[in-house]
Number of protein chains: 2
Amino acid sequence: MSDRKDANEVTADDVAQAAGVSRWTVNRAFKPNASISAKSRQTVMEAAEKLGYAPNLLAASLASDRSNLVALLVDDFSNPHKLVMMERLTRVLRKNGWDTLLVNMLDKDDAPGALLSASQRRVDAAILIGVQFDDDVLSAALGARRVKKLIIFARNSENPDTISISVDDHAAMTEIADYVMGRDYQRPFFLAGPQTKSAHLTRQEAFVARWQEHRGMTPEVADVPSYDPGMAYSAIIDRLSERQPDAFPDVIVCENDALAIGAMDALRHHFNLRIPEDVAVTGFDDVPAAANPNYRITTYRQPITRMAERLVTLLSGELEQTENQQFLGQMVIRNSA
Amino acid sequence: MSDRKDANEVTADDVAQAAGVSRWTVNRAFKPNASISAKSRQTVMEAAEKLGYAPNLLAASLASDRSNLVALLVDDFSNPHKLVMMERLTRVLRKNGWDTLLVNMLDKDDAPGALLSASQRRVDAAILIGVQFDDDVLSAALGARRVKKLIIFARNSENPDTISISVDDHAAMTEIADYVMGRDYQRPFFLAGPQTKSAHLTRQEAFVARWQEHRGMTPEVADVPSYDPGMAYSAIIDRLSERQPDAFPDVIVCENDALAIGAMDALRHHFNLRIPEDVAVTGFDDVPAAANPNYRITTYRQPITRMAERLVTLLSGELEQTENQQFLGQMVIRNSA
DNA sequence: TTGTAAGCGTTATCAG
DNA sequence: CTGATAACGCTTACAA
């Protein structure tokens with residue numbers, strides 16, 4: 001049945017033999033700062049090259065209990081920003097010698113299963129870039145000691161055993177609020193994503209607080225069950241239909257671009273309104289589509305690459321951090337507000 | 001230094017001891033159709049549950065030389081369709097017990113490196129969903145015996161040692177051509193993606209051939225270096241600026257939706273043209289944005305889920321296929337043409 | 001700097 | 001159906 005196991009099953013022993021050294025020397029040759037003479041290393045590398053040897057990472061992981069593998073747990077694939085994050089993360093990780101196991105959280109209750117999958121491959125860390133990881137799930141996961149490190153990427157978490165690498169949502173949203181107030185909009189409407197139990201309502205809270213503080217009134221808020229342009233589209237229609245002009249918002253501040261795109265589509269194609277003349281819109285993330293001439297969204301860009309680089313230092317353990325890492329991004333002013 | 005190795009390091013031996021059986025029996029309990037009595041299995045499972053045991057897949061893979069791991073090699077993250085494919089693929093794979101290693105091909109010449117990464121984790125197969133795998137790369141990869149199976153997903157390949165699972169591009173594009181001709185467009189323009197050496201020019205060729213056959217003239221063709229809406233936007237502007245109205249195409253047939261989106265944006269926002277009144281546009285893939293009210297693209301939907309399911313049967317070896325697998329999708333008629 | 005012994009946690013295979 | 005032996009290919013000591 002299995003006729004594999006032909007060539008390519010070259011082991012360190014084979015190389016050792018070919019190079020006339022011991023297996024352990026072969027090993028050292030492949031380890032960046034091992035104590036090995038330059039000469040030995042070269043002999044080994046030549047033999048390895050000739051035989052087509054590459055270390056078996058499975059065996060290495062088993063023997064060493066570190067795998068140089070991280071799991072990326074994702075749940076909301078409808079948000080286009082996920083594609084950007086996945087690209088950046090895998091790029092930076094791979095450049096630094098880490099491989100990525102992509103785990104699709106199939107549904108709301110799949111978090112434990114997803115984490116289990118990851119742990120069975122002995123990943124060194126699990127990186128969460130989904131939305132459905134509330135603190136209950138995290139505690140359960142950590143309680144079960146499923147993974148060594150749990151890192152929440154691009155989202156806050158209050159869980160003390162978890163490290164989050166994210167943008168300073170409060171600062172970012174305050175900046176957006178100030179910008180919007182600076183343009184003198186009067187009737188704000190905040191469009192939020194899923195209202196889970198964890199701490200990621202920061203954006204909404206920050207906006208609302210800032211507006212209250214400066215204008216003495218509480219902005220209207222609506223939420224959708226997932227970061228999906230289609231859901232945002234429907235939500236806006238549901239919520240704003242049959243509204244008198246003077247009760248219609250003049251600016252819709254969205255928790256992210258996925259929602260902003262849906263909102264803009266609804267505004268233009270359902271309500272037949274112009275943006276920003278009739279209603280302005282702001283987003284968050286600066287997804288690729290935000291720059292396209294149809295949208296030209298005024299949004300906020302997270303420094304994903306820098307965040308990914310921080311992640312790498314966290315993984316390598318250089319930084320014995322347990323504190324959450326906060327970054328500052330920058331507003332990108334375009335035409336939608 | 002390492003204070004891990006606390007709990008969770010439960011092995012089959014521990015469970016065996018707790019359950020009063022041998023390690024091998026524990027193992028059998030976790031294997032679907034192993035010869036083990038129902039009673040033994042239950043005892044084992046209870047003990048396992050209590051101790052929180054889960055098989056170490058690293059060790060299993062090492063010992064068995066099958067890993068139940070596949071690598072997904074991706075290179076063009078700017079195409080939104082990739083997100084859809086990744087979601088479907090990981091979903092179907094995981095449901096069937098396969099894990100996914102996501103490998104980002106960092107640049108044009110990274111294919112060998114990416115394949116090497118995958119092979120070092122001893123993946124059972126590498127699935128290619130990028131564009132830069134031309135037949136040279138594939139041959140090299142196979143020559144180096146890097147991976148056991150190489151599967152090209154959603155794209156054709158002529159390489160005989162490779163299996164491709166894709167839509168029947170010829171049939172699909174012929175259907176689109178017929179549709180376009182049926183609407184009586186006269187001046188077609190085909191917008192193609194990267195012109196690599198492999199066989200994926202089928203769409204372009206099919207369209208051109210069909211048009212020639214029925215109309216006796218060769219459609220104009222342009223190509224862009226990557227499936228990126230932004231590139232398509234620029235390409236359309238470069239190519240069509242300063243053209244007299246009667247030389248301007250009345251339908252732009254795009255190799256996929258990523259290009260169609262860029263083309264539509266250029267047509268509307270740069271040339272100030274209406275779609276489909278002034279110029280019609282067709283796409284391919286039916287990405288989520290194709291359905292949004294801004295675009296409403298007439299496109300072609302690939303049966304990704306069925307294709308992913310076929311992939312799984314291919315992986316499990318039930319099908320000792322070496323032939324390429326072709327699927328039929330369906331046209332989705334919307335407003336853009 | 002280099003070699004050696006003892007595992008890492010499974011599975012294939014064969015004996016009972 | 002169950003138990004035992006020998007790998008799988010590497011790493012972590014530690015000794016030479």
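Where does Pro276(A) sit in chain A? Pro276(A) is in the loop between α11 (257-270) and β9 (280-282) of chain A, and we'll come back to that loop further down. A word of caution before the tour: this is a predicted model.

## How the two chains meet

Start with the protein-protein side. Here 57 residues of chain B are in contact with 57 residues of chain A. Together the two chains bury about 5500 Å² between them, and carbon and sulfur atoms give 52% of that area. If you want to know who carries the load on the chain B side, look at Leu58(B), Arg94(B) and Arg121(B): they supply 15% of the area that chain B buries against chain A, more than any other three residues.

On the polar side, there are four salt bridges between chain B and chain A. Take Arg94(A), which forms a salt bridge with Asp110(B), with the closest N and O atoms 2.0 Å apart. Beyond salt bridges, the count of residue pairs in polar contact between the chains, with both residues at pLDDT 80 or more, comes to 34.

## Which elements build the interface

Five elements of chain B give two or more residues to the side that touches chain A, namely α4 (57-64), α5 (81-95), β2 (99-104), α6 (111-120) and α11 (257-270). The biggest giver is α5(B), with eight residues. Sort the residues on this side of chain B by class and you get 23 nonpolar, 16 polar and 18 charged.

The strands join in too. Strand β2 (residues 99-104) of chain A pairs with β2(B) in the antiparallel sense, over three bridges. Have a look at Leu101(A) in particular: its bridge partner in β2(B) is Leu101(B).

## Around DNA strand C

Now for the DNA. Which residues come nearest to DNA strand C? Of the 23 residues around it, the nearest are Trp24(A), Thr25(A), Arg28(A), Ser40(A) and Asn27(B). Both the backbone and the bases of the strand are involved: of its atoms within 4 Å of the protein, 56% belong to sugar or phosphate and the rest to bases.

Some individual contacts are worth zooming in on. A polar side-chain atom of Thr25(A) lies 2.5 Å from a phosphate oxygen of DNA strand C. The bases get contacts as well: a backbone N or O atom of Ala63(A) is 3.5 Å from a base oxygen of strand C, while an N or O atom in the side chain of Trp24(B) is 2.7 Å from a base nitrogen of strand C. The elements giving two or more residues to this surface are α2 (23-29) and α4 (57-64) of chain A, along with α2 (23-29) and α4 of chain B. The largest share, four residues, comes from α4(B). By class, the surface near DNA strand C has 11 nonpolar, nine polar and three charged residues.

## Around DNA strand D

DNA strand D is surrounded by 24 residues, and the closest are Asn27(A), Thr25(B), Arg28(B), Ser35(B) and Ser40(B). Of the atoms of this strand within 4 Å of the protein, 55% belong to sugar or phosphate, and the rest to bases.

Two serines of chain B reach phosphate here. The side chain of Ser22(B) has an N or O atom 2.8 Å from a phosphate oxygen of DNA strand D, and for the side chain of Ser40(B) the distance to a phosphate oxygen is 2.4 Å. From chain A, a polar side-chain atom of Trp24(A) lies 3.1 Å from a base oxygen of strand D. The elements that give two or more residues to this surface are α2 and α4 of chain A together with α2 and α4 of chain B. The largest share, four residues, is from α4(A). The class split near DNA strand D is 12 nonpolar, nine polar and three charged.

## Backbone oddities

Most peptide bonds are trans, and most residues other than glycine have a negative phi. Back to the proline we opened with: a cis peptide bond joins Ile275(A) and Pro276(A), with omega about 5°. In chain B, the peptide bond from Ile275(B) to Pro276(B) is cis, with omega near 5°, and Pro276(B) is found in the loop between α11 and β9 (280-282) of chain B.

Then there are the phi angles. Asp184(A) is not a glycine, yet has a positive phi of about 65°; you'll find Asp184(A) in the loop between α8 (169-182) and β6 (188-192) of chain A. Likewise, Arg296(B) has a positive phi of about 45° without being a glycine, and lies in the loop between β9 and β10 (299-301) of chain B.

Key: Residues numbered from 1 in each chain as written. Chains lettered and ligands numbered in written order. Predicted model: local features only at pLDDT ≥ 70, side-chain atom pairs only at ≥ 80, totals over all residues. Heavy atoms only, no water. Contact = heavy atoms within 4.5 Å. Buried area = accessible area lost by both parts, 1.4 Å probe. Salt bridge = Lys/Arg side-chain N within 4 Å of Asp/Glu carboxyl O. Polar contact = N/O pair within 3.5 Å; in protein donor to acceptor, adjacent residues only side chain to side chain. Nonpolar A, V, L, I, M, F, W, Y, C, P; charged D, E, K, R; others polar. Pairing = 2+ DSSP bridges. Near = heavy atom within 4 Å.
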